[in-house]
Amino acid sequence: MMSFGNRLRQLREDRGLSQLDLSKHLNIANSTLSLYEAGKREPDYDTLQRLADYFDVSTDYLLGRSEYKKPPTDLAEIIKEESVTYEGRPVDIDQLRKALSNVRAAAHATGDLTDIDVQDEEALLKIAHDALQKARELRRRKEEDKE
């Protein structure tokens with residue numbers, strides 16, 4: 001993955017900004033920005049967040065910890081782009097929707113939770129989405145610990 005300095009330079013150049021332009025906007029010394037891009041200095045948390053806000057990217061993207069400028073929020077997109085598994089088998093969004101449909105059918109058949117509707121299914125998808133994001137974060141941390 002790309003280093004913070006290289007990523008910052010790329011974002012700045014993609015916007016057609018000089019170091020001077022960006023440093024003025026952020027109210028930091030031009031030499032400080034130059035040191036960031038050279039990898040000889042790191043920003044404090046406040047400056048890192050201001051950079052992320054300015055370029056509309058996540059701090060993880062700036063730090064080179066993610067290839068996503070913004071984390072994906074659509075469950076189908078996450079499953080498609082990440083190798084998400086459950087009990088060692090790849091997770092497929094269609095299988096997840098089918099499983100939710102089966103939960104709904106079972107609930108109706110047993111008389112439990114007969115009022116499951118589309119909003120409930122969307123809530124379950126949101127829970128699954130959040131769980132997948134957490135699993136991805138844990139996997140990333142595990143990989144970092146190995147390094």
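F4 is buried, and Y36 is buried too. That makes a handy way into this predicted model, since the two residues form one of its aromatic pairs. From there we can look at the nonpolar core, then at helix α4, and finish with two loop residues and the confidence scores.

**Aromatic pairs**

- How many aromatic pairs does a search of the whole structure find? The search turns up two.
- In the pair made by F4 and Y36, the ring centres sit 6.1 Å apart and the planes meet at 70°, so this one counts as edge-to-face.
- F4 belongs to helix α1 and Y36 to helix α3, so their pairing ties together parts that lie 32 residues apart in sequence.
- The other pair is Y54 with F55: here the centres are 5.0 Å apart and the planes are at 85°, so it is edge-to-face as well.
- Is F55 buried or exposed? F55 is buried, with a relative accessible area of 5%, while its partner Y54 is partly exposed at 23%.

**The largest nonpolar core**

- As background, nonpolar side chains in soluble globular proteins tend to be buried together.
- The largest nonpolar core here has 16 residues, and the ones touching the most other members are F4, L8, L22, L51, F55 and L62.
- Which elements give two or more residues to this core? They are α1, α2, α3, α4 and α5.
- Helix α4 supplies the largest share, with four residues.
- F55 turns up again here: setting aside neighbours within four places in sequence, F55 is in contact with L8, L11, R12, R15 and L22.

**A closer look at helix α4**

- Helix α4 runs over residues 45–55, and its buried residues are T47, L48, L51, A52 and F55.
- Looking down the axis of α4, you'd see those buried residues fall within an arc of 140°, so they line one face of the helix.
- A bit of helix geometry helps here: an α-helix has 3.6 residues a turn, so residues three or four places apart point the same way.
- What about the other side of α4? That's where Y45 and D53 are exposed.
- The buried residues of α4 pack against four other helices: α1 (4–14), α2 (19–26), α3 (30–38) and α5 (59–62).
- At the start of α4, D44 has a side-chain oxygen that comes within 3.3 Å of the backbone nitrogen of D46.
- Right after α4 comes D56, and its phi is positive.

**Two loop residues with positive phi**

- N27 isn't a glycine, yet its phi is positive, at about 60°.
- You'll find N27 in the loop between α2 and α3, where it is exposed, with a relative accessible area of 70%.
- D56, another residue other than glycine, has a positive phi near 55°.
- D56 sits in the loop between α4 and α5 and is partly exposed, with a relative accessible area of 48%.

**How confident is the prediction?**

- Across the protein chain, pLDDT averages 79, and 69% of the residues score at least 70.
- Where is confidence lowest in the protein chain, and where is it highest? The low spot is helix α6 (residues 75–81), with a mean of 60, and the high spot is α3, at 96.

Methods
Residues numbered from 1 in each chain as written. Predicted model: local features only at pLDDT ≥ 70, side-chain atom pairs only at ≥ 80, totals over all residues. Heavy atoms only, no water. Buried < 20%, exposed > 50% of the residue type's maximum accessible area, 1.4 Å probe, protein only. Arc of directions from axis to C-beta. Contact = heavy atoms within 4.5 Å. Polar contact = N/O pair within 3.5 Å; in protein donor to acceptor, adjacent residues only side chain to side chain. pLDDT = per-residue confidence, 0-100. Core = buried A, V, L, I, M, F, W, Y, C linked by side-chain atoms within 4.5 Å. Phe/Tyr/Trp six-rings, centres within 6.5 Å; stacked < 30°, edge-to-face > 60°.
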